[in-house]
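User: I am new to this structure and would like a close look at a single part of it. Please start there and then lead me on to its surroundings.

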Amino acid sequence: MIEIYNLKKSFNGQPVLKGVNLKIRDGELLAIVGQSGAGKSVLIKMLIGIHQPDDGKILIQGEDIIEICKDDVCSLRERFGVVFQGGALFDSMTVFENVAFPLQERTKLEEGVIRDKVTNALEEVGLRGVEDKYPAELSGGMKKRVALARALITEPSIVLFDEPTTGLDPIILRSIHNLIKEAHVRYGFTGVIISHEIPEIFEVADRVAMLYDGRIVEAGTPEEIVGSDNPVVRQFISGSLEGPIEVIR
Amino acid sequence: MAEDMTGQSVQGSTPELPKGGIIALVGILGSWALNELRTMGSMFIFLMRSLVLIFRPPFKIRLLIRQIMFFGNRSLLIVILTGLFAGMVLALQGYYTLMKFGSEALLGPAVALSLIRELGPVLSALMVTGRAGSALTAEIGIMRISEQIDALLAMALSPIKYLVVPNILAALIAFPLLSAIFDVVGIYGGWLIAVKLLGLSSGTYFSQMEQFVDMADVIMGLEKSLCFGLLVSWVCCYKGYYAGFGAKGVSKATTAAVVLSSVLVLVFDYLIGSFWL
């Protein structure tokens with residue numbers, strides 16, 4: 001269980017998170033939706049302790065990550081896999097080296113075992129024959145797949161996806177969503193997906209939470225969110241220009 | 001410390017301009033001084049964390065060799081070229097000056113001492129700063145803005161261990177070697193001018209050098225190179241690690257790294273020189 005209590009964060013005096021409260025159950029796939037700049041990515045970075053909040057508490061299986069992960073190396077983060085927005089693949093490494101990297105650095109597995117695991121992980125995300133390519137030689141969709149393979153290679157208990165489908169065409173988007181769902185069933189991790197993809201994300205997530213004005217304004221199953229009476233949620237999922245969400249025209 | 005990881009706490013905000021003559025000026029100066037003090041503190045903590053991690057296993061030998069290649073490969077040609085011309089200019093100007101006192105025979109030691117004690121370490125450090133140091137800042141800066149540093153943190157690995165420690169160690173090895181190459185090439189550049197152009201005998205040029213150049217001079221040059229290696233790698237890594245947002249942030253960080261490294265090289269050149277004399 002991930003428990004977030006009254007989380008607050010400001011940048012240069014500008015409040016981004018004004019008191020986020022959220023509970024993420026073990027094994028569920030929770031999507032966090034919200035406007036661009038609402039603080040969703042900041043929230044994800046706080047979950048792994050690389051942004052420190054101004055106030056509030058985050059408990060990972062009862063352990064306070066903010067207290068534990070004050071230094072740059074923190075063993076609690078070994079429980080996480082993260083797929084960053086742009087993939088965050090290491091430019092100077094090949095695809096194979098990128099995916100193998102967490103295993104080489106964090107485990108004592110033999111090279112042969114690592115090779116097999118990397119090959120399997122890449123096949124699971126539908127990639128073959130790209131091991132020797134560099135990230136710059138890959139398409140956007142392929143980069144996301146490699147990032148997914150790298151995040152899952154250590155079989156983490158919690159996986160965070162920061163806009164894993166941004167900038168992809170609808171077909172690749174759906175295939176990445178399917179990969180996430182399949183991986184979730186296979187590994188049983190607790191997943192948090194930051195997404196703008198409405199309504200596609202409703203097919204992937206077990207629950208959806210909406211972040212607006214620095215707070216979670218609604219959380220529930222996709223059906224509950226679709227049927228919500230909250231005017232903010234209704235405007236966001238309908239993409240309407242009229243409503244309580246201010247739109248710059 | 002976690003604030004430092006994301007670069008948030010060290011990004012100084014531009015001070016608001018308070019209204020009213022002297023108070024406004026004092027406000028701006030005070031704000032600037034506080035910001036500079038905060039940056040210096042952050043730089044010092046960054047260096048201390050890096051130095052501590054140098055001695056903590058696992059040791060990244062492969063990365064270290066790659067970074068020695070990075071410094072050496074990128075800077076060797078430019079160091080040879082500047083070394084050659086520095087030696088030639090020294091010989092030319094030195095001959096003209098020494099001739100006035102009838103001491104042309106001392107041209108060899110004059111060139112050698114100037115190069116070994118002063119110009120070798122300083123000019124090679126400045127060349128490496130411009131060539132490899134700027135590239136290092138840009139590389140780490142791009143890793144910052146493309147979340148590669150965050151990816152390392154998310155893997156429970158220390159970015160400083162992977163990105164900073166190998167560069168500091170590599171600079172400590174590469175700077176003295178490049179400086180030595182600069183000295184040797186410079187001495188031969190001086191020889192070209194002294195012997196081939198000005199007609200000094202080769203024996204005079206080298207034998208006098210042997211007599212006047214002590215081991216202490218070589219050690220001084222070596223110490224300067226080590227010091228400059230630490231300074232340049234520290235400043236360039238720090239500026240890249242805390243680069244601001246976007247391409248503009250990286251370009252600002254790169255410029256700041258080159259300027260600050262160059263100034264520090266010259267300042268410490270004077271400080272080390274005055275300490276030894």
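Analyst: **Helix H3 of chain B and the nonpolar core**

Helix H3 of chain B covers residues 61-100, and at 1.5 Å a residue its 40 residues should span 58 Å, which agrees with the 54 Å between its end C-alpha atoms. Here a helix is a DSSP run of H or I with at least four residues, numbered from the N terminus, and the expected span is 1.5 Å times one less than the residue count.

The model is predicted, so local features need pLDDT of at least 70 and side-chain atom pairs pLDDT 80 or more, while totals for chains, interfaces and linings use all residues. Residues are numbered from 1 along each chain, chains are lettered from A and ligands numbered from 1, as written, and side-chain values use heavy atoms without hydrogens or water.

H3(B) has a kink of about 45°, centred on Ser75(B) (the angle between axes fitted to the seven residues ending there and the seven starting there). After H3(B) comes Gly102(B), with a positive phi near 65°.

Now for the largest nonpolar core: it has 107 residues, and Ile58(A) and Phe71(B) touch the most other members. Such a core joins buried Ala, Val, Leu, Ile, Met, Phe, Trp, Tyr and Cys residues through side-chain atoms within 4.5 Å; buried means under 20% relative accessible area (1.4 Å probe, protein chains only). Helix H6 of chain B (residues 159-197) gives the most to this core, 17 residues. The core lies between domain 1 (1-56) and domain 2 (60-276) of chain B, because both give residues to it; these bounds come from an automatic or database assignment.

Notes
Buried means under 20% relative accessible area, exposed over 50%, partly exposed in between (1.4 Å probe, protein chains only). Helices (H or I, at least four residues) and strands (E, at least two) are DSSP runs, numbered from the N terminus.
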